[in-house]
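Please open the model in your viewer and keep the sequence panel beside it, since each stop on this tour begins with a selection.

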Amino acid sequence: MLSRDQQFALKRAALLRQAARAFSAHGYHDTSLDDVAKTLGVTKAALYYYVKNKQEILFECHMQAQDLGETALQHSEQNGRSGRDKILLLATKYIELITSEMGSFAVLGEFDALDAENRTIIARRRDKFDRHFRKLVSDGIADGSIRAVDPKLTVFFFMGAINWMTRWFRPDGPLPGTDIARHFADLLDKAISASPAEPAAKAARSRASARA
């Protein structure tokens with residue numbers, strides 16, 4: 001049996017997901033807590049039992065997104081071998097998580113609506129994710145599984161697609177999140193993977209260098 005704290009946490013998480021969908025549908029600035037309460041079928045007083053204000057909902061949505069990113073990174077590190085393997089595992093897992101757990105979270109595009117303190121916290125976590133992702137790209141270039149791409153631009157390329165996904169993905173859309181994850185990972189793979197000849201050429205250069 002769940003404790004009172006566990007029940008509260010589960011109900012709060014469900015409320016946050018639904019509130020975020022309300023923001024996504026009508027825009028963060030144009031949606032009041034009264035609107036959210038009506039969408040959820042609860043009183044405003046009941047809503048205040050779980051959250052203090054709109055800002056808290058927005059902040060928690062961003063925090064959840066960062067949690068999912070860290071989960072995907074951990075999954076890629078534990079299961080991937082080459083840099084390419086880890087990047088594709090990261091991309092697939094992250095999209096699967098964000099589409100299954102968060103639904104239509106267009107509210108994630110409202111980064112500038114965060115207050116200064118919350119924006120700093122989220123920016124710090126985003127930067128950490130960015131650095132880790134870039135390192136995977138650099139590692140892939142070093143091990144020959146990824147062609148010589150710019151790590152920074154590669155991360156921007158992928159995250160730009162993810163950020164735009166929050167604008168158009170719908171849980172009841174024609175493609176489930178798992179299919180979208182597979183398609184996006186395939187596109188990313190085609191964009192960054194080394195050609196079959198590149199690893200062999202790199203190995204040949206290494207052998208030549210060792211003999212010199």
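The tour goes from the whole chain to a pair of helices and then to one further helix.

This is a predicted model, in which local features need pLDDT of at least 70 and side-chain atom pairs count only at pLDDT 80 or more, while totals for chains, interfaces and linings use all residues. Residues are numbered from 1 along each chain as its sequence is written, and side-chain values use heavy atoms, with hydrogens and water left out.

Begin with the whole chain in cartoon view, where there are nine helices and zero strands (DSSP runs, H or I of at least four residues for helices and E of at least two for strands, numbered from the N terminus). Of its 212 residues, 40% count as buried, meaning under 20% relative accessible area with a 1.4 Å probe, protein chains only. Among contacts (heavy atoms within 4.5 Å) with a separation of 6 or more, 72% come from residues 24 or more positions apart.

Next, select residues 4–26 and 33–40, which are helix 1 and helix 2; their axes come within 10 Å and cross at roughly 115°, each axis being a line fitted to C-alpha atoms over the stretch in contact, with angles running from 0 to 180 degrees between N-to-C directions. Show side chains for L15, Q18, A19, A22 and F23 of helix 1, which meet V36, T39 and L40 of helix 2.

Finally, select residues 54–79, helix 4, whose 26 residues reach 38 Å from first C-alpha to last. Add N53 at its start, where a side-chain oxygen of N53 reaches to within 3.2 Å of the backbone nitrogen of Q55.

Methods
The expected span of a helix is 1.5 Å times one less than its number of residues. A polar contact is a pair of N or O atoms within 3.5 Å; within protein, one must be able to donate a hydrogen and the other to accept it, and residues adjacent in sequence count only if both atoms are side-chain atoms. Buried means under 20% relative accessible area, exposed over 50%, partly exposed in between (1.4 Å probe, protein chains only).
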